[in-house]
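These are my notebook entries on one model. I looked up backbone outliers, salt bridges, one buried position and one helix pair.

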Amino acid sequence: MDQSYVGFYARFETASKNQGSLLMGPDFIVGDDLEVEFRTEDGRVVAWLKNKFGAETGFLNANDSRKLQLAAARDQTIRAILSFVAYSDEPDPGLYWGQVALFCYNPAYADQMDAFVDRVAAKIAEGVRPVIDLGSSGVSKIFEETDWVPNDTIPLPEKKTGSAVLKDHQSMSEKMIEQGRAGNKGGYAISWIFIALVVVAILFGLHSIGLF
């Protein structure tokens, strides 16, 4: 059976500065799955990304949109994982953008491939960006090793003047929000207890040196 696979990181841009500012909220979490939606704009197909609540994340450039369109034409499964969110002063009046990790594969191998994507997504949530452009030997490891994730990583894009990466991993508060949404009351409570203990420790330290 066809074990063809394509994986790559792609840049997305937001439609406007106001819309892009929503990416800083808790509904857009690094490591989360995004939905890919194809739209025809000015005679060409553009791949748009949406979060799990249906809110727009951004759009891909023509080349990356074409790659995904070809994958869809081959009836491949497409998964997109939010990798990071950034902001640049230029072009005026400012631009929110970021990257997604994209995976295209034969749905007949969903069990192995989805498990692999989930493992990579967990690494991305920790701030690690594994290499996902795999050769045939790498694809074989997905089927041979149930816990395999590439050791090689991809660095964040080089920082430019006026640009900053705003999100590149899941924060503690975001993890707590996800636990609450998943109905994990115990984990949610433990997270709050942990934060409360940290706050108490800080206050005690300030009090001990006479600052509080």
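I looked up D42 first and found it in the loop between β2 and β3. I take helices (H or I, at least four residues) and strands (E, at least two) as DSSP runs, numbered from the N terminus. D42 has a positive phi of about 55 degrees, although it is not a glycine. With 86% relative accessibility, D42 counts as exposed; I use buried for under 20% relative accessible area, exposed for over 50% and partly exposed for in between (1.4 Å probe, protein chains only).

I note that this is a predicted model, in which local features need pLDDT of at least 70 and side-chain atom pairs count only at pLDDT 80 or more, while totals for chains, interfaces and linings use all residues. Residues are numbered from 1 along each chain as its sequence is written, and side-chain values use heavy atoms, with hydrogens and water left out.

**Backbone, continued.** I found a positive phi of about 60 degrees at D75, again not a glycine. D75 sits in the loop between α2 and β5 and is exposed, at 61% relative accessibility. I then checked the peptide bonds. The bond from E90 to P91 is cis, with omega near 0 degrees, and the bond from D92 to P93 is cis with omega near 10 degrees. I placed P91 in the loop between β5 and β6 (95-105), and P93 is in the loop between β5 and β6 as well. I logged these entries because most residues other than glycine have a negative phi, and most peptide bonds are trans.

**Salt bridges.** I have 9 salt bridges for the structure, each being a side-chain nitrogen of Lys or Arg within 4 Å of a carboxyl oxygen of Asp or Glu. I looked at three pairs.

- D32 and K52 pair at 3.3 Å, N to O. D32 is in the loop between α1 (17-20) and β2 (33-41) and K52 in the loop between β3 (44-50) and β4, so this bridge ties together parts 20 residues apart in sequence. D32 is buried at 12%, whereas K52 is partly exposed at 45%.
- D64 and K67 pair at 3.9 Å, N to O. Both are in helix α2 (residues 62-73), 3 residues apart, which means a separation of about one helical turn. D64 is buried at 8% and K67 partly exposed at 36%.
- D114 and R79 pair at 3.3 Å, N to O. This pair links distant parts of the chain, 35 residues apart: D114 in helix α3 and R79 in strand β5 (residues 77-88). I read D114 as partly exposed at 26% and R79 as buried at 11%.

Which residues join R79 and D114 in a network of salt bridges? I found D33 and D118 there.

**T57.** I located T57 in strand β4 (residues 56-60). T57 is buried, at 0% relative accessibility. Leaving out residues up to four places away in sequence, I list its contacts (heavy atoms within 4.5 Å) as F12, T14, Q19, L23, F28, L34, L49, K50 and N51.

**Helix pair.** I last checked α3 (residues 110-125) against α4 (residues 136-144), which pack at an angle of about 105 degrees with their axes 9 Å apart. I therefore enter α3 and α4 as roughly perpendicular. Q112, M113 and F116 in α3 meet V139, I142 and F143 in α4.

Conventions: Axes fitted to C-alpha atoms, helices over the stretch in contact; angles between N-to-C directions. Parallel < 35°, antiparallel > 145°, perpendicular 65-115°, else oblique.
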